[in-house]
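Where does a protein model leave empty space, and which residues surround that space? The report below takes up these questions for the structure shown here.

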Amino acid sequence: MAQITLTLPDGNARQYDAGITAGDVAADISSSLGKKAISATVNGQHYDLRWPIDSDATIDIHTTKDRAPALELVRHDLAHIMARAVQEIWPETQVTIGPVIKDGWYYDFDRAEPFTPDDLATIEARMKQIINARDDVRTEVWDRDRAIQHYKDKGEPYKVELIESIPGDEPLRMYWHGDWQDLCRGPHLQNTGQVPGDSWRLMSIAGAYWRGDSSRAMLQRIYGVAFTNKEDLKSHLTMLEEAAKRDHRRLGREMDLFHMQEEAPGQIFWHPNGWTIYTALQDYMRRKQRADGYVEVNTPQVVNRKLWEDSGHWDNYQDHMFIVEVDEEHAREKTVNALKPMNCPCHVQIFNQGLKSYRDLPLRMAEFGSCNRYEPSGALHGIMRVRGFTQDDAHIFCTDDQIIAETEKFIKLLASVYADLGFDNWTIKLSTRPEKRIGSDESWDRVEAALGDACKAAGYDFELLPGEGAFYGPKLEFTLTDAIGREWQCGTLQVDPNLPDRLDASYVAPDGDKHRPVMLHRAVLGSFERFIGILIESHAGKLPFWLAPQQVVVATIVSDADDYADGIVAALRKAGIRARADTRNEKINYKVREHSVAKVPVILALGAREVEERTVTVRRLGEKQTQVVALDDIIASLVADATPPDLR
């Protein structure tokens with residue numbers, strides 16, 4: 001039998017017969033490793049312990065201490081165990097797909113009766129029985145005809161369709177968890193008992209169209225979360241509870257910030273309080289960008305399809321665009337336009353007006369551009385995922401030699417903005433060339449190196465995302481972590497030599513010839529709508545004082561203090577503070593409770609003593625203690641707090 005060489009992580013190599021399994025290799029290394037092994041990485045691919053290895057390879061054996069592969073296996077096995085449990089309880093149910101996702105898994109089912117929340121407890125109980133049974137997990141490789149016939153015989157049309165849609169004609173892998181069988185690439189654990197019984201939970205039920213197609217059957221999706229130990233599960237559930245308390249939709253109602261309604265799906269009705277946050281944040285970003293050398297522009301909302309064809313968006317992005325047909329006067333046919341889904345083609349039009357010289361570069365062009373993109377109704381989520389939004393968008397037109405300096409400059413701008421808004425924990429990911437791309441390897445080498453060098457020059461490390469760049473250039477993604485540990489990808493910088501070429505942008509170089517500029521697409525916040533949602537949730541509605549929509553409420557305890565309250569509000573407003581009086585005939589505790597729910601940062605309570613002494617009793621949001629302060633002193637203090645961080 002042919003021999004193969006397997007190289008271990010420490011560099012040692014071992015000789016084996018071709019066809020040996022990773023499980024046998026683990027046992028050969030040591031009996032204890034053989035017992036602890038759960039999977040292996042073979043030539044970079046996650047391997048089941050039972051799969052044969054037929055050629056020379058690198059191999060790394062995994063145990064439950066290896067977090068990433070262990071989590072993948074646990075979550076993958078639980079998807080199968082849940083599907084088995086469902087079919088054992090309700091045999092008429094048809095199964096479809098059940099992938100691993102962030103924090104857990106889901107599985108889609110076709111069942112006549114809808115699942116109920118009570119059913120989740122029933123399914124969980126059966127799953128625990130399956131885990132406790134420690135049923136063997138086994139695998140076989142079948143040819144397609146056999147697999148298709150098997151599922152036809154079982155009355156599983158979804159599996160038949162899946163097999164028929166898989167390209168190529170390679171054999172298919174089948175897995176059994178006990179007597180229950182599923183089509184699956186694997187890998188999996190060795191028996192159901194290797195899944196921890198106390199580190200997972202079924203979470204929710206949702207509808208999902210088969211293969212994401214709204215014209216196909218509506219299925220029922222059951223979500224679960226899973227970890228390798230009960231402590232991680234408890235932490236995750238605690239985080240979810242905290243996230244529910246911080247949900248921007250609930251806080252938006254309590255703080256009277258915005259609402260959404262059926263007549264405008266994915267569009268936001270901003271109330272005065274919410275629009276105050278929006279404009280304060282926009283004014284802040286305008287000042288930051290102006291100080292960083294940007295010019296601000298504004299471009300049309302509705303643009304003829306010809307520009308979208310020239311830019312390439314018509315062919316590649318039309319499904320996400322809102323099309324507007326207009327009967328132009330005297331036209332023989334309707335003019336086809338589209339609401340702009342992004343600003344970049346319009347910015348090139350401004351760049352193209354007039355002759356540009358190398359002396360004009362870099363040109364940093366910013367726009368608070370209102371965009372519209374079609375999102376399926378099921379994907380919409382409060383103000384986080386909408387159809388109408390405004391970006392803090394900008395495009396930097398520069399030369400190849402200016403990419404490093406401009407990227408470094410942008411990273412420093414982004415860092416200062418995130419720090420001002422309370423986000424000190426964020427990371428950078430560098431997405432590199434995909435398999436299908438334009439441009440030479442030399443140009444990709446140069447630009448990828450430039451982005452990496454810029455990160456280092458700005459003082460930041462980065463994580464590589466191989467193959468995740470656009471077809472025309474690499475990009476940087478900036479992911480911030482909020483107060484409860486959730487990650488949000490917000491900022492971005494993308495190198496694009498393609499669009500200037502498609503739209504015939506050029507500048508006159510020192511040699512007198514015309515050259516194409518490089519275009520850097522960049523955003524710090526992303527969309528204002530989504531970022532405001534992130535701010536609300538991260539701060540649990542307790543926004544920094546300078547951003548709070550209502551900064552001060554002056555609440556009276558006795559009616560004799562009403563005139564004093566009105567005078568204080570007038571003085572605060574004159575000083576630039578957003579303040580109002582609450583002189584209702586209600587008890588002060590009622591007023592404090594109401595304004596605390598609305599997340600008003602400061603309440604100034606006025607009674608007879610305060611009127612006589614020209615003082616105020618200060619109650620700050622989240623603090624139990626109050627403080628009596630002279631009126632002039634509190635006004636000065638609040639003015640300082642209300643000053644945006646870039647103006648301090």
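What follows describes the cavities and then the pockets of this predicted model.

## Looking for empty space

Rolling a probe the size of a water molecule over the atoms shows where empty space is left. When the whole structure is searched in this model, two cavities of 30 Å³ or more are found.

## The two cavities

The largest cavity has a volume of about 50 Å³, and the residues that line this cavity are Met255, Asn273, Pro549, Gln550, Ala598, Lys599 and Val600. Sorted by class, the lining of the largest cavity consists of four nonpolar residues, two polar residues and one charged residue.

The second largest cavity has a volume of about 30 Å³, and its lining is made by Ser596, Val600, Pro601, Ile603, Arg619, Arg620 and Leu621. Here the classes divide into four nonpolar, one polar and two charged residues. Val600 deserves a second look in the structure, since this residue appears in the lining of the largest cavity and also in the lining of the second largest cavity.

## The largest pocket

Turning from cavities to pockets, the largest pocket holds about 1,400 Å³ of space. Its lining is made up of 39 residues, and those that lie nearest the centre of the pocket are Tyr317, Met342, Arg373, Gln391 and Thr492. By class, this lining contains 14 nonpolar, 15 polar and ten charged residues.

Both helices and strands contribute to the largest pocket, and each of the following elements supplies at least two residues of the lining: the helices H11 (313–317) and H15 (498–502), together with the strands E23 (388–398), E26 (475–481), E27 (487–496) and E30 (518–527).

## The second largest pocket

The second largest pocket contains about 740 Å³ of space. It is lined by 21 residues, and Lys102, Asp103, Met239, Leu240 and Arg486 are the closest of these to the centre of the pocket. Two or more residues of this lining come from each of helix H3 (67–89), helix H7 (230–245) and strand E27. Among the contributors, H7 gives the most, with seven residues.

When the lining of the second largest pocket is sorted by class, seven residues are nonpolar, four are polar and ten are charged. Strand E27 links the two descriptions, for this strand supplies at least two residues to the lining of the largest pocket and also gives two or more to the lining of the second largest pocket.

Conventions:
Residues are numbered from 1 along each chain as its sequence is written. This is a predicted model: local features need pLDDT of at least 70, side-chain atom pairs count only at pLDDT 80 or more; totals for chains, interfaces and linings use all residues. Side-chain values use heavy atoms; hydrogens and water are left out. On a 1 Å grid over the protein atoms alone, a cavity is a set of points where a 1.4 Å probe fits but cannot get out, and a pocket is an open set with protein on both sides within 12 Å along at least five of seven lines; lining residues have an atom within 4 Å of a point. Grid points are joined across faces, edges and corners, and a volume is the space filled by probe spheres set on the points. Ala, Val, Leu, Ile, Met, Phe, Trp, Tyr, Cys and Pro count as nonpolar, Asp, Glu, Lys and Arg as charged, and the others, Gly among them, as polar. Helices (H or I, at least four residues) and strands (E, at least two) are DSSP runs, numbered from the N terminus.
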